[in-house]
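The following exercises concern local geometry, burial and internal space. Each task is followed by a solution in steps.

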Amino acid sequence: MKLQNFNPELTIETDSFVWRYMDFTKISDLISNNTLYFSRLDTFHDPIEGLPLPYRANLQTLHVLKCEIPDDEFAKLDKAPNKINKQQIDKYQKGTYCSCWYLTEFENGNAKSTTHHESIAMWNFFNDCAGFVLKISFKSLLELISDSLNNLIDEELFDANFGKVYYLNYGEYFKMLNSSDKDFMPSLIKHDSYRFENELRFLLLRDKVIDKTNDRVGIKVKLTQNLNCKDHQVEIIAHPDMNETDFKFYRTKFKDLGFDLKVSSILTNNSVRRLFN
C-alpha cells in the first residue's frame, strides 16, 4: 500500500521533528514490539473527528439551538428529515484509522522555522505525570511508515495518506465547501481551538468489513525497522512533573529497551517546589 501526501501545499520542513505524547504502555509497545498503532476516529476526544464539513456545521447549529430555544421547538427540528443520526456519524468515523504526531514549527513573518522543543500545551493536554514524549526526525518517520505500509497486506484497507491538519472555525467550513480548486479530507480538518497541536496525521482508510466479529478499534502496523536513536534521531523525554523516584524507575525500564530517558527541559511549579523540599 503506497503512502501519499494528501495536502502537499501544506509543506513540512525537511529538518522538522515530530513528537508523540504517550504513556509507558503505548511507547514500550511501539519500541519493544516494533509496531505503530492507528486509532479509529470514534475513539478520539473530539466528537466530530472525520465528519464531512456540512455535518460539523449542522451539529454546531443544533448544539447552539438546544441551549437557546424551548424544548418543544427543538423537538420539531430534531425530527426533521435532514437530522444527523449516530449511524451516519459511525459511517465516517469507523472507516478511518489515524496515527497523530505533533510538529514543532512556527511562522516568523513570511518565513517558516522549525523549533525542536517540548510543548507545555501538549503536556497539559496529555495530563499524565507518568507520561512521555517520543521525538523523532520527520524524514525518518515518513520513510519508516512508508516502507512498512508497502509491506502491509490488509484486504479491508484501500488507501493510506498523510498530511498536516487544517485548522478552521465553523464559519470557514462553508467557505471551503464553495472552493472549486481544492479537495479536502475531513479527517485532516479540525477546529481552530486545537491549533496548538500543529498536527501531522498518518491515515489508513477502510472500505469493507471481512471479519464482522472483529470490531477493530485500532490497527497495528508492523514496522520494517527497529527504532534506533542514532539512525532515526530518536529521543524520549519524561513528563516535566514526573517525580525523581518515577524518573529513575522508568529510566531503567527504557535502558532495558535500548533507549535513554531524558529529563524535561520545562520547569513547573511542582518541579521547582520539589527542589526545596
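A polar contact is a pair of N or O atoms within 3.5 Å; within protein, one must be able to donate a hydrogen and the other to accept it, and residues adjacent in sequence count only if both atoms are side-chain atoms. The model is predicted: local features need pLDDT of at least 70, side-chain atom pairs count only at pLDDT 80 or more, and totals for chains, interfaces and linings use all residues. Residues are numbered from 1 along each chain as its sequence is written, and side-chain values use heavy atoms, with hydrogens and water left out.

**Exercise 1.** Determine where T43 is found and how its side chain is engaged.

Step 1. T43 belongs to the loop between β3 (35-40) and α2 (53-68); helices (H or I, at least four residues) and strands (E, at least two) are DSSP runs, numbered from the N terminus.
Step 2. A polar atom of the T43 side chain lies 2.6 Å from the backbone oxygen of R40.
Step 3. T43 is partly exposed because its relative accessible area is 43% (buried is under 20%, exposed over 50%, partly exposed in between, with a 1.4 Å probe and protein chains only).
Step 4. Although 50 residues separate T43 from Q93 along the chain, their C-alpha atoms are 8.8 Å apart.

**Exercise 2.** Classify E49 as buried or exposed, and identify its partners.

Step 1. E49 is also found in the loop between β3 and α2.
Step 2. With 2% relative accessibility, E49 is therefore classed as buried.
Step 3. Leaving aside residues up to four places away in sequence, E49 touches L41, F44, Q93, K190 and R201 (contact means heavy atoms within 4.5 Å).
Step 4. The side chains of E49 and R201 are joined by a polar contact of 2.8 Å.

**Exercise 3.** Explain why the buried residues of α4 lie on the same side of the helix.

Step 1. In α4 (residues 86-93), the buried residues are I89, D90 and Q93.
Step 2. These residues share a side of α4 because they cover an arc of only 100° around the axis, the arc being that of the directions from the helix axis to the C-beta atoms.
Step 3. In general, an α-helix has 3.6 residues a turn, so residues three or four places apart point the same way.
Step 4. Exposed residues Q87 and K91 are carried on the face turned away from the buried side of α4.
Step 5. The cover over the buried residues of α4 includes β3, α2 and β4 (96-103).
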